[in-house]
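I opened this model to look up a few contacts and see what sits in the interior. My notes follow in the order I made them.

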Amino acid sequence: MNEIILNLEKNSGQPLYIQLYVYLREEIKASRIKKGTKLPSIRHLAKHLRVSKITVDNAYQQLLVEGYIESRQRSGMYVL
């Protein structure tokens, strides 16, 4: 997967996890992140974006609940 380039607005009033979730959802819907693509690990993406792991996990969980990604045990998160 290409590196995720995103500027999260910490003072926007919108939670960071929502900003990340919306960005990833739109990238998936526009097929810029292709079906079957493995998403970065929570730890890696949190470090890259300089946010907490909880922020990334919350965004991933929302994508999971809405059916945009799936969790594969001991493997990671993948785009559906």
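I started with Arg72, which lies over the face of Tyr78, 3.8 Å from the ring centre. The model is predicted, so I read this as a computed placement. I then looked for ring-ring partners and found zero aromatic pairs in the structure.

**Helix H1**

Next I took helix H1, residues 16-29. I count 14 residues in H1, with 20 Å from the first C-alpha to the last. That is close to the 20 Å expected at 1.5 Å a residue. After the helix comes Ser31, and its phi is positive, near 60°.

Which residues of H1 are buried? I listed Gln19, Leu20, Tyr21, Leu24, Arg25, Glu27 and Ile28. I checked what they pack against, and found two helices, H2 (42-49) and H3 (53-65), together with two strands, S1 (69-72) and S2 (76-79).

**Gln19**

I picked Gln19 from H1 for a closer look. Why does Gln19 count as buried? Its relative accessibility is 10%, and the cut-off for buried is under 20%. I followed its polar side chain to see where it goes. The side chain reaches the backbone nitrogen of Glu9 at 2.8 Å. A polar atom of the same side chain lies 2.9 Å from the backbone oxygen of Gln14. Leaving aside neighbours within four places in sequence, I found Gln19 in contact with Asn7, Leu8, Glu9, Ser12 and Gln14.

**Leu24**

I moved along H1 to Leu24. Leu24 counts as buried because its relative accessibility is 0%. Not counting residues up to four places away in sequence, Leu24 touches Ile4, Ile33, Tyr60 and Leu63. I also checked the spacing to Tyr68: 44 residues apart in sequence, 9.3 Å apart in space, C-alpha to C-alpha.

**The core**

Nonpolar side chains tend to be buried together in soluble globular proteins. I therefore looked up the largest nonpolar core, which has 20 residues. Which of its members touch the most others? I got Tyr60 and Ile69. H1, H2, H3 and S2 each supply at least two residues of this core.

I closed with the partners of Ile69. Leaving aside neighbours within four places in sequence, Ile69 is in contact with Ile28, Leu39, Tyr60, Leu63, Leu64, Met77, Tyr78, Val79 and Leu80. Among them I noted Tyr78, the residue whose ring Arg72 lies over.

Conventions. Residues are numbered from 1 along each chain as its sequence is written. This is a predicted model: local features need pLDDT of at least 70, side-chain atom pairs count only at pLDDT 80 or more; totals for chains, interfaces and linings use all residues. Side-chain values use heavy atoms; hydrogens and water are left out. Helices (H or I, at least four residues) and strands (E, at least two) are DSSP runs, numbered from the N terminus. The expected span of a helix is 1.5 Å times one less than its number of residues. Buried means under 20% relative accessible area, exposed over 50%, partly exposed in between (1.4 Å probe, protein chains only). Contact means heavy atoms within 4.5 Å. A nonpolar core is a set of buried Ala, Val, Leu, Ile, Met, Phe, Trp, Tyr and Cys residues joined through side-chain atoms within 4.5 Å. A polar contact is a pair of N or O atoms within 3.5 Å; within protein, one must be able to donate a hydrogen and the other to accept it, and residues adjacent in sequence count only if both atoms are side-chain atoms. Rings of Phe, Tyr and Trp (its six-membered ring) pair if their centres lie within 6.5 Å; planes under 30 degrees apart count as stacked, over 60 as edge-to-face and the rest as tilted. A charge sits over a ring if NZ of Lys or CZ of Arg is within 6 Å of the ring centre and within 35 degrees of the ring normal.
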